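Please open the model in your viewer and keep the sequence panel beside it. The stops below are meant to be followed in order, with a selection to make at each one.

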Amino acid sequence: MKLVMKLILSAIAVIILAKLLPGVSLDNTITTPLIVALVLAILNVLVKPILIILTLPITILTLGLFLLVVNALIILLADKLIDGFGVSSIWTAILFSLLLSFLQSILYSVLKEDKK
């Protein structure tokens, strides 16, 4: 149940960012943001670890800043896989990645349970 809620919150974050950022386009259907959130989750689980391992030397050299580029590449890959989702450039993808992470952390804090 928590996974479904995280997917819905990620879709809400994608909708918000598509409205705010001029280089991000999203269809007006309700299923496209859910598909974007699902595809990003799958790519983050399957492709991102491989990219991190392949780019480890440059990531170490840049003190981890190259991971922003890796995140942007994941978003651009999702752009190519989904028809109703579009990102105009790598810089827009980096900004989208940063803002998506920030917005998800705010929205996911709603799901946190009180630990006593």
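A residue is called buried here if its relative accessible area is under 20%. With that cut-off in mind, and remembering that this is a predicted model, select S10, which lies in helix 1 (residues 2-20); its relative accessibility is 6%, so S10 counts as buried. If residues up to four places away in sequence are set aside, S10 touches A37, Q104 and Y108. Keep Y108 on display and add K6, whose charged end sits over the ring of Y108, 5.2 Å from the ring's centre.

Next, select helix 6, residues 90-108. The expected span for its 19 residues, at 1.5 Å a residue, is 27 Å, and the end C-alpha atoms of helix 6 are 26 Å apart, which agrees. Colour the buried residues of helix 6, namely T92, A93, I94, F96, S97, L100, L103, Q104 and L107, and then bring back the surroundings, since what covers these buried residues includes helix 1, strand 1, helix 2, helix 5 and strand 2.

Within helix 6, stop at T92, which at 14% relative accessibility counts as buried. The side chain of T92 is joined to that of S89 by a polar contact of 3.1 Å, and, leaving aside neighbours within four places in sequence, T92 is in contact with G23, V24 and V87.

Now turn to the largest nonpolar core, a set of 26 residues in which V36, L40, I75, F85, F96 and L100 have the most contacts inside the core. At least two residues of this core are supplied by each of helix 1, strand 1 (24-26), helix 2 (31-46), helix 5 (66-81), strand 2 (85-87) and helix 6, and the largest share, six residues, comes from helix 6. Centre the view on L40, which, apart from neighbours within four places in sequence, is in contact with I74, I75, A78 and L100.

For the last stop, which aromatic rings form a pair in this structure? A search of the whole structure finds one aromatic pair, and it is formed by F85 and F96, in a tilted arrangement with 5.9 Å centre to centre and 50° between the planes. The pair links distant parts of the chain, with F85 in strand 2 and F96 in helix 6, 11 residues apart. Both F85 and F96 are buried, and both are among the core residues with the most contacts inside the core.

Methods:
Residues are numbered from 1 along each chain as its sequence is written. This is a predicted model: local features need pLDDT of at least 70, side-chain atom pairs count only at pLDDT 80 or more; totals for chains, interfaces and linings use all residues. Side-chain values use heavy atoms; hydrogens and water are left out. Helices (H or I, at least four residues) and strands (E, at least two) are DSSP runs, numbered from the N terminus. Buried means under 20% relative accessible area, exposed over 50%, partly exposed in between (1.4 Å probe, protein chains only). A polar contact is a pair of N or O atoms within 3.5 Å; within protein, one must be able to donate a hydrogen and the other to accept it, and residues adjacent in sequence count only if both atoms are side-chain atoms. Contact means heavy atoms within 4.5 Å. A nonpolar core is a set of buried Ala, Val, Leu, Ile, Met, Phe, Trp, Tyr and Cys residues joined through side-chain atoms within 4.5 Å. The expected span of a helix is 1.5 Å times one less than its number of residues. Rings of Phe, Tyr and Trp (its six-membered ring) pair if their centres lie within 6.5 Å; planes under 30 degrees apart count as stacked, over 60 as edge-to-face and the rest as tilted. A charge sits over a ring if NZ of Lys or CZ of Arg is within 6 Å of the ring centre and within 35 degrees of the ring normal.
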